[in-house]
Amino acid sequence: MINEVFRNGAMTELFAAAELIKRDWYVAFPFIEACAFDLVIFRGNTFRTIQVKSTASKNNGGFPRVHKNFEKYKDCDFIICYDVINRRWFIFTAAELIDRTSITLSPQRYPRNCENWDLIR
């Protein structure tokens with residue numbers, strides 16, 4: 001039986017890959033679970049590394065919150081977070097989250113990052 005947390009994480013990675021493929025990126029999956037990134041995307045001579053996170057737990061303000069030590073993803077180019085409750089994607093550069101241990105997925109607080117796949121270039 002597949003652990004539910006692992007299954008949800010794997011499904012979110014696949015959903016993120018599908019979104020990236022729709023936007024003309026090629027997607028590769030590293031085989032090592034301990035790798036600092038979940039996806040490698042490329043188009044032409046451009047390569048990017050992606051860490052994917054998801055959450056369905058809400059904070060006091062009613063928005064989902066991802067609790068992670070983002071420092072360990074400092075070598076990634078982007079961290080993509082999925083709000084399972086509202087079915088929204090938030091795209092951040094790793095540098096935006098490097099000193100954080102959590103992020104609230106609020107479109108009011110992060111309008112630039114909500115569903116803005118063009119941030120990945």
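The points below describe the fold, surface, aromatic contacts and a few individual residues of this predicted model.

1. Secondary structure. Two helices and seven strands make up the regular elements of the chain. Read from the N terminus, their order is α-β-β-β-β-β-β-α-β. Helix α1 covers residues 4-22 and is followed, after a loop, by strand β1 at 26-28. Further along, β4 spans 65-67 and β5 spans 78-83. Strand β6 takes in residues 88-93, and β7 takes in 102-104.

2. Overall dimensions. The radius of gyration is 14 Å, close to the 14 Å that the globule rule gives for 121 residues, so the chain is as compact as a globular protein of that length. Along the principal axes, the C-alpha atoms occupy a box of roughly 45 × 40 × 25 Å.

3. Burial and contact range. Of the 121 residues in the chain, 40% are buried. As for contacts between residues at least 6 apart in sequence, 49% of them join residues at least 24 apart.

4. Surface and charge. The chain has an accessible surface of about 7300 Å², and carbon and sulfur atoms account for 52% of that area. There are 17 positive and 14 negative charges, and the mean positions of the two sets lie 5 Å apart.

5. Aromatic pairs. The count of aromatic pairs is six. One of them joins Trp89 and Trp117 in an edge-to-face arrangement, with 5.6 Å from centre to centre and 65 degrees between the planes. Trp89 belongs to strand β6 and Trp117 to the segment after β7, so this pair ties together parts that are 28 residues apart in sequence. Both partners are shielded from the probe by the usual criterion of under 20% relative accessible area: Trp89 is buried at 5%, and Trp117 is buried at 4%.

6. Aromatic cluster. Tyr26, Phe42 and Phe47 come together as one aromatic cluster. Tyr26 is worth locating when viewing the model, as strand β1 runs over residues 26-28.

7. Backbone at Asp24. Most residues other than glycine have a negative phi. Asp24 is not a glycine, yet its phi is positive, at about 70 degrees. The residue sits in the loop between α1 and β1. Asp24 has a relative accessible area of 56%, and because the cut-off for exposed is over 50%, Asp24 counts as exposed.

8. Backbone at Glu115. A positive phi is also found at Glu115, again not a glycine, with a value of about 60 degrees. Glu115 lies in the segment after β7. Its relative accessibility of 36% makes Glu115 partly exposed.

9. Surroundings of Lys68. Lys68 is placed in the loop between β4 and β5 and is partly exposed, at 31% relative accessibility. Between Lys68 and Ser102 there are 5.5 Å in space, C-alpha to C-alpha, although the two are 34 residues apart in sequence. Ser102 is also one of the contacts of Lys68 once neighbours within four places in sequence are left aside. The other residues in that set are Lys53, Tyr73, Arg100 and Thr101.

Conventions. Residues numbered from 1 in each chain as written. Predicted model: local features only at pLDDT ≥ 70, side-chain atom pairs only at ≥ 80, totals over all residues. Heavy atoms only, no water. Helix = DSSP H or I, 4+ residues; strand = E, 2+ residues; numbered from the N terminus. Rg over C-alpha atoms; globule rule 2.2 N^0.38 Å. Buried < 20%, exposed > 50% of the residue type's maximum accessible area, 1.4 Å probe, protein only. Contact = heavy atoms within 4.5 Å. Areas by Shrake-Rupley, 256 points an atom, 1.4 Å probe, with all protein chains shown as cover. Lys, Arg positive; Asp, Glu negative; His and termini not counted. Charge placed at Lys NZ, Arg CZ, Asp CG, Glu CD. Phe/Tyr/Trp six-rings, centres within 6.5 Å; stacked < 30°, edge-to-face > 60°.
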